[in-house]
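Dear colleague,

I am passing on the structure we spoke about, and below it you will find my notes on what turned up when I went through it. Please read them with the model open beside you.

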Amino acid sequence: MSSSRREQPPVGEPKRRLGFGLGALVGAGRAAGALSRVLGRGAGSTIPGKLVVAVAPGALASLASRIPGGVLLVSGTNGKTTTTRMIVAAAGRAGLAPATNPAGANLLSGLATGLLAGPGWKADLGLLEVDEAVLPLAVPRLRPKALVLTNLFRDQLDRYGELDTLGEKWREALAAAERIPALAVNADDPLLATVGQAFPGTLNFGLRDARHDLGRLPHASDSQYCRTCRAHLDYRRVYLGHLGEYACTACGWRPPALDLWGEEVELMGARAVALTVRTEEESVRVEVDAPGLYSAYNVLAAAAGCRLLGIPLAALAGGLADMRSAFGRGGSMSVRGRHVFPLLAKNPTGFDEVMRTVLQEEQRLFLLICLNDRIADGRDVSWIWDVDFERLAGRCAGIVASGTRALDLAVRLKYAGLQADIVEVGSDIPAMLERAIDLVPDGGTLFAVVTYTALHEVRGALRAGHERSAALGPRA
Amino acid sequence: MSADTCGGQSELDKRGAREIEGAQGPRGAEQGMQLRICHLYPELMSTYGDRGNVIALERRAEWSGMRVRTDEVSVGDALPEDCDFYFIGGGQDLAQGTVAEDLCREKAGALRRVWDAGAVIFSICGGYQLLGRAYRDAHGGLLEGIGILDVETVARPGRLIGDVVARSALEGSEGKTLVGFENHGGRTYLGPEARPLARVVRGAGNNGGDGTEGAVQGTCYGTYLHGAMLPKNPWLADHLLRRALARRHSSFELPSLDDSLEERLHASRTAIR
């Protein structure tokens, strides 16, 4: 598990300078990373960055300023990691060598680690995902050339605070920037459209496909109010959470026209999604091995990032194909003849969308749902009552509830009318994963819908199980 | 706080009402009994999964063989006065300003009438604060509440966030515990008319100082335990259900439900350190 998200964002920067050069620090940081990997403390992901950030507070700015092509940041609630990986793949196809941070290591130390690691010292450009609460600190330090904002959903309210406050902090940080970065925002999100409108030249992206209209706002939708007059926005189409096509009928405010948009979205169950990405000048059909409408939004955010960097959309299509071969179809794993699909769902909208995705599958579903309340997940699990678990009624063949808060989850499922489907409740994730796999008939599929830290546990257990069954032959 | 525009209800999100038939038929409950719930501002005051309390009451009434009707009431809607149970949760600051104005201007009179008539009002966090006499914000500004509860709230820097375990202060429910999670900037102080709902064993409660948590005045309840606190505290859910039904039904008996799962959860949360 990455320990990076446990770090609290620093409040201010101490005013002190140290006498030795950045080169020495980089060397020390890398050595610490290597040491931490050798000692088996995590993946060594943020140790070098932590050291550099702690020893020389100005180091982040120096590191960023040395990258000739500048730095692009990706921030928002959902899709940061995937969007960043997509832009990295596209940059690779375009012949660039980007520096990037390890998945999820998105606080200041993770950013420093990203600029240090891999081709960091010799990189053409930096492509970094940034925690949404850290973004206001990252902008003045890294002076990014470009910034992509994906979405803002309620997530870990005990840690991030309320969405409107966060949106306002972003706007202030950008307005105060020495050099305002080229900005791309998901204009289907009213709060982000408002942030984007405060700056000239913002690239607005979104989805335009009437076939994926939900018809109404789901319960867990957040920013449905006009920032100008506070009236309820009038939605013409709702795609996902509060993302959609809308306008204010009270004061006449409407979002800006889209500069880049997605059409003809084809959802292929829990495995893949295809869509056409268009601008006034370019159009490209892409396919990505990640499911759901949220993956289509990730592709659009990545495409917007490519536009800001001058990377052609054809390179993105190629990059997405490269990612496919690297990670295997949809990230599934085969264990004892069953397919196991881990699906990350860390907030109400994430859960709603993952359920919408797996419900496209024809069969009755076998589900392992894991709810952890570690710091990186958020200690408060009240949000599970904002998830519409009710829609699983009549569609499940068996549910196993697990994680540190398995009992909270089981009670939520009971009140969603799913008690008869609950086969077992237990906090031990590897044991419950085994139990869930046992429920599934040979050749069948288990969907493991899990929160952030539970994903690491499930993946670890799956890898161990996979290696075991490989060692024992094809059908252990 | 000030609010400029109200209304502008979307076509997609009009006031809704839903009716549920008791799944298992009358079972101890009086023939044809119906629980009428009014959920206030479900889309504005629902930040922390507070709707779980409405879900809990709906399901438990249904499992007891009752029919359930839930009216969802928002900005600009008239408050139905024939309900047994009124619920208002907490919201984000922006929404809360809009709600405060609508509540005071449109609904205060009706809410006071139903309370006088014995309907149960259950409120959480921001909703709890608005039912009090006043809310003093961080800049010294005063926002008048509707004053059903004799409590006053003062905003102070530093939010009170974390798990709460509290011992019931309700008459007849001594020895019971409440578990939940709190996250609030306001500190609430009880006047002489209000009684505490519970006393904290762990966590801050009303103000982090006097050890009280929540408030009760007649059939009006307020608490800082947000999210779905009723499913975790089924004894309180049944207490509220009994009081809500008592308004229109002179004699009835609630069947005892199988709460083993809820009790395991409750026990796991009282054991945390």
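**Two backbone outliers**

Arg336(A) is partly exposed, because 17 other C-beta atoms lie within 10 Å, where 20 or more would be needed for a residue to be called buried. This is a predicted model, and in it the phi of Arg336(A) is near 45°, a positive value in a residue other than glycine. The residue is found in the loop between β12 and β13 (338-344) of chain A. Chain B offers a second case in Tyr41(B), a residue other than glycine whose phi is positive, near 50°, and which lies in the loop between β2 (34-40) and α1 of chain B. Tyr41(B) is buried, because 26 other C-beta atoms lie within 10 Å.

**Strands and sheets in chain A**

The secondary structure of chain A comes to 15 helices and 17 strands, and buried residues make up 55% of its 476 residues. Of the contacts in chain A with a separation of 6 or more, 71% are between residues 24 or more positions apart.

Strand β12, which comes just before the loop of Arg336(A), belongs to an open sheet of six strands in chain A, with the order β12-β13-β17-β14-β15-β16 and mixed pairing. At the edges stand β12 (333-335) and β16 (422-426) of chain A, each of which pairs on one side only, and the twist averages 20° from one strand to the next. At one end of that order, β15 (residues 396-402) of chain A and β16(A) pair in the parallel sense over four bridges, and Ser402(A) stands opposite Gly426(A) in β16(A).

Elsewhere in chain A, strands β10 (residues 272-279) and β11 (residues 283-288) run antiparallel and are joined by six bridges, with a hairpin of three residues leading from β10(A) to β11(A). Within this pair, Val277(A) has Val284(A) in β11(A) as its bridge partner.

**Cores**

The largest nonpolar core has 120 residues, and those with the most contacts inside it come from both chains: Leu368(A), Phe447(A), Ala448(A), Val458(A), Phe85(B), Tyr86(B) and Ile121(B). Helix α13 (residues 406-418) of chain A gives the largest share of this core, nine residues. A second, separate core of 93 residues includes Val148(A), Leu233(A), Val288(A) and Ala303(A). Leaving aside residues up to four places away in sequence, Phe447(A) touches Ala270(A), Phe341(A), Leu343(A), Val358(A), Leu365(A) and Leu367(A).

**Where the chains meet**

Contact between the chains involves 35 residues of chain B and 32 residues of chain A. On the side of chain B that touches chain A, the elements that give two or more residues are α1 (52-63), α2 (93-116), β9 (177-190) and α5 (260-270) of chain B, with the largest share, five residues, coming from α5(B). That side of chain B divides into twelve nonpolar, 15 polar and eight charged residues.

**Confidence**

The model scores ipTM 0.90 and pTM 0.78. Chain B averages a pLDDT of 88, and 89% of its residues score at least 70. Two stretches call for care: pLDDT stays under 50 over residues 1-15 of chain B, for which the model has 47 contacts beyond four places in sequence, and also over residues 23-29 of chain B, with 19 such contacts. Where pLDDT is low, the predicted coordinates should not be read in detail.

With best regards

Conventions:
Residues are numbered from 1 along each chain as its sequence is written. Chains are lettered from A and ligands numbered from 1 in the order in which they are written. This is a predicted model: local features need pLDDT of at least 70, side-chain atom pairs count only at pLDDT 80 or more; totals for chains, interfaces and linings use all residues. A nonpolar core is a set of buried Ala, Val, Leu, Ile, Met, Phe, Trp, Tyr and Cys residues joined through C-beta atoms within 7 Å. A residue is buried if 20 or more other C-beta atoms lie within 10 Å of its own, exposed if 12 or fewer, and partly exposed in between; C-beta atoms are placed from the backbone. Two residues are in contact if their C-beta atoms, placed from the backbone, lie within 7 Å. Ala, Val, Leu, Ile, Met, Phe, Trp, Tyr, Cys and Pro count as nonpolar, Asp, Glu, Lys and Arg as charged, and the others, Gly among them, as polar. Two strands pair if DSSP finds at least two bridges between them. Axes are lines fitted to C-alpha atoms, for helices over the stretch in contact, and angles run from 0 to 180 degrees between N-to-C directions. pLDDT is the predictor's confidence in each residue, from 0 to 100.
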